Amino acid sequence: MTTGAQTPRSPARPRRSRLRTFLPLGVAAWLVLEIWLLTLVAGASSGLVVFLVLVAGIILGSVVIKRAGRRAFRNLSEALQQRQSGVMPAAARPNSEGNGLMMLGGLLLMIPGLVSDAVGLLLLLPPVQKAVSRSAERTFERKLREADAGTLGGAFQQARMYRPDGKVVPGEVVRDEPGDTPQEPRPPLTH
């Protein structure tokens, strides 16, 4: 049954970011490349060699992750002990950098495939870790400079007010602090 009233149109959807557009395609291409390389190596040698390479990657990756995790935990506990004793911990120690990249390299070694193993092994090299770390730091700083002014709380509040289905929930936050005098009533919100 129609009433003659037009159906409300949903507001324009925001554009998808490039990452959301191309990430599934990149993951699919990476999986196809990994499978193709494994079948190529299996054809050139044997299935046992491929199996041994995959098992060696899993074992090496778990050892790397365990070592990096222990090192990170040791650095954290030393910093906490120094802080409790009243000594300010050093800003950065030479052996404390690269734990995250080392863990990422170990994870990539554990993922079955030759390309992921090669990238994981590259991430274990200190010059590569420094280059990736510097690049990530520059990118992060650039994104922070490009970001709109405001606070994280403001961004969270904005995300809560504009829901993905397009509905806007009008409202106002009123905080009553202890010891404050009561405020006069506020006028109703209008559009």
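Contact means heavy atoms within 4.5 Å. Helices (H or I, at least four residues) and strands (E, at least two) are DSSP runs, numbered from the N terminus. The model is predicted: local features need pLDDT of at least 70, side-chain atom pairs count only at pLDDT 80 or more, and totals for chains, interfaces and linings use all residues. Residues are numbered from 1 along each chain as its sequence is written, and side-chain values use heavy atoms, with hydrogens and water left out.

**Exercise 1. Describe the chain as a whole.**

Step 1. Six helices and zero strands make up the elements of the chain, and their order from the N terminus is α-α-α-α-α-α.

Step 2. A residue is buried under 20% relative accessible area, exposed over 50% and partly exposed in between (1.4 Å probe, protein chains only). Of the 191 residues in the chain, 13% are buried.

Step 3. Carbon and sulfur atoms hold 64% of the accessible surface of about 16100 Å², an area obtained by the Shrake-Rupley method with a 1.4 Å probe.

Step 4. Take the contacts between residues at least 6 apart in sequence: 55% of them join residues at least 24 apart.

**Exercise 2. Determine how helix 1 is oriented to helix 4 and to helix 2.**

Step 1. Axes are lines fitted to C-alpha atoms, for helices over the stretch in contact, and angles run from 0 to 180 degrees between N-to-C directions. Angles under 35 degrees count as roughly parallel, over 145 as roughly antiparallel, 65 to 115 as roughly perpendicular and the rest as oblique.

Step 2. The angle between helix 1 (residues 18-44) and helix 4 (residues 114-123) is about 100 degrees, and their axes lie 7 Å apart. Helix 1 is therefore roughly perpendicular to helix 4.

Step 3. On the side of helix 1, Trp30, Leu33, Glu34, Leu37, Leu38 and Val41 take part; they meet Leu114, Val115 and Ser116 of helix 4. By class, this contact of helix 1 with helix 4 has seven nonpolar, one polar and one charged residues. Here Ala, Val, Leu, Ile, Met, Phe, Trp, Tyr, Cys and Pro count as nonpolar, Asp, Glu, Lys and Arg as charged, and the others, Gly among them, as polar.

Step 4. Helix 1 and helix 2 have axes 7 Å apart at an angle of about 130 degrees, so the two helices are oblique to each other. Leu38, Val41 and Ala42 of helix 1 form this contact with Gly47, Val50 and Leu54 of helix 2. Its residues divide into five nonpolar, one polar and no charged.

**Exercise 3. Check the span of helix 3 and identify its buried residues.**

Step 1. The expected span of a helix is 1.5 Å times one less than its number of residues. For the twelve residues of helix 3 (residues 99-110) this gives 16 Å, in agreement with the 16 Å between the end C-alpha atoms.

Step 2. Asn99, Leu101, Met102, Gly105, Gly106, Leu108 and Leu109 are the buried residues of helix 3. They pack against helix 2 (47-84), helix 4 and helix 5 (126-146).

**Exercise 4. Compile the surroundings of Leu108 and Ser116.**

Step 1. Leu108, in helix 3, is buried because its relative accessible area is 17%. Residues up to four places away in sequence aside, Leu108 touches Ser116, Asp117, Val119, Gly120 and Leu123.

Step 2. Ser116 belongs to helix 4 and counts as buried because its relative accessibility is 2%. Beyond its neighbours within four places in sequence, Ser116 contacts Trp30, Glu34, Leu108, Leu109 and Ile111.

Step 3. From C-alpha to C-alpha, Ser116 and Trp30 are 9.1 Å apart in space, with a separation of 86 residues in sequence.
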